[in-house]
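Visitor: I'd like a close look at a single part of this protein. Could you pick one strand and walk me through how it sits among the rest?

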Amino acid sequence: MSEYVKVGTLEDFPPGEVRSRIINNDEQISVVSSDGKLYAVGGWCTHLKVSLRGSYVEHQWLWCWLHYSAFDMETGARMDGPAVDGIPVYDVRVDGEDVYVSAEAKTSDLKPISH
Ligand code: FES
């Protein structure tokens, strides 16, 4: 069973904002609240490996700020734009006000990009 890492509290994740967090010592992830749901996905665009911080949120899609690749935050799949590969997706749990993310990605074929 995967371990969970606390990444903040509910107020740290305003709707439509992409917040970067570090888990597993050096793995950057993005935590996003949209349409009343919290998502945790990889922190790097798979096109040119830029941080997804500052990207745009549209329902469950995350649009990379640089060339507008779109990723489905539910599945990690690449939906549009120049990126070819999807991004990892992490399970999110909320306990009271605290937000936790699984230390392991749910999508085993989409490995986090290391920097
Ligand atoms: S770097 Fe993200 S779409 Fe190009």
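Guide: Let's take strand β11 as the part to look at, and work outwards from there to the sheets and the core. One caveat up front: this is a predicted model.

β11 spans residues 98–102, and its side chains take turns. Val99 and Val101 point to one face and are buried, while Asp98, Tyr100 and Ser102 point to the other face and are not buried. Keep that two-sided pattern in mind, as we'll come back to the buried side.

Now for the neighbours. β11 sits in the middle of a three-stranded open sheet, ordered β1-β11-β10, with antiparallel pairing. That leaves β1 (4–9) and β10 (92–95) as the edge strands, each pairing on one side only. On average, neighbouring strands here are turned by 30° against each other, if you ignore direction.

Take the β1 side to begin with. Five bridges join β1 to β11, and the two run antiparallel. You can follow the register by residue: Tyr4 has Ser102 as its bridge partner in β11, and Lys6 has Tyr100. So much for that flank.

On the other flank, β10 and β11 also pair in the antiparallel sense, over four bridges. Here Val94 stands opposite Val99 of β11, and Val99 is one of the buried residues of that strand. These two strands make a hairpin with two residues between them, where Gly96 takes a positive phi near 65°. As a general reminder, strands of a sheet pair through backbone hydrogen bonds, either parallel or antiparallel.

Back to the buried face. Val101 is among the residues with the most contacts inside the largest nonpolar core, which has 25 residues. Ile29, Val31, Ala40, Val41, Leu62 and Tyr90 are the others on that list. β11 is one of the strands that each supply at least two residues of this core, alongside β2 (18–23), β3 (27–34), β4 (37–42), β6 (61–63) and β9 (89–90). Generally speaking, nonpolar side chains in soluble globular proteins tend to be buried together.

Ala40 is a handy place to see what Val101 meets. Leaving aside neighbours within four places in sequence, Ala40 is in contact with Val101, and also with Ile29, Val31, Tyr90 and Val92.

Several of those core strands belong to another open sheet, four strands in the order β2-β3-β4-β9, again antiparallel. Its edge strands are β2 and β9, each pairing on one side only. Six bridges join β3 to β4, which run antiparallel, and one pair to click on is Ser34 with its bridge partner Lys37 in β4.

Zooming out, the protein has zero helices and 11 strands. Its radius of gyration is 13 Å, close to the 13 Å the globule rule gives for 115 residues, so it is as compact as a globular protein of that length. The C-alpha atoms fill a box of roughly 40 × 25 × 20 Å along the principal axes, and buried residues make up 33% of the 115. If you're thinking in contact-map terms, take contacts between residues at least 6 apart in sequence: 42% of these join residues at least 24 apart.

Terms used
Residues are numbered from 1 along each chain as its sequence is written. This is a predicted model: local features need pLDDT of at least 70, side-chain atom pairs count only at pLDDT 80 or more; totals for chains, interfaces and linings use all residues. A nonpolar core is a set of buried Ala, Val, Leu, Ile, Met, Phe, Trp, Tyr and Cys residues joined through C-beta atoms within 7 Å. A residue is buried if 20 or more other C-beta atoms lie within 10 Å of its own, exposed if 12 or fewer, and partly exposed in between; C-beta atoms are placed from the backbone. Two residues are in contact if their C-beta atoms, placed from the backbone, lie within 7 Å. The radius of gyration is taken over C-alpha atoms; the globule rule is 2.2 Å times the number of residues to the power 0.38. Two strands pair if DSSP finds at least two bridges between them. Axes are lines fitted to C-alpha atoms, for helices over the stretch in contact, and angles run from 0 to 180 degrees between N-to-C directions.
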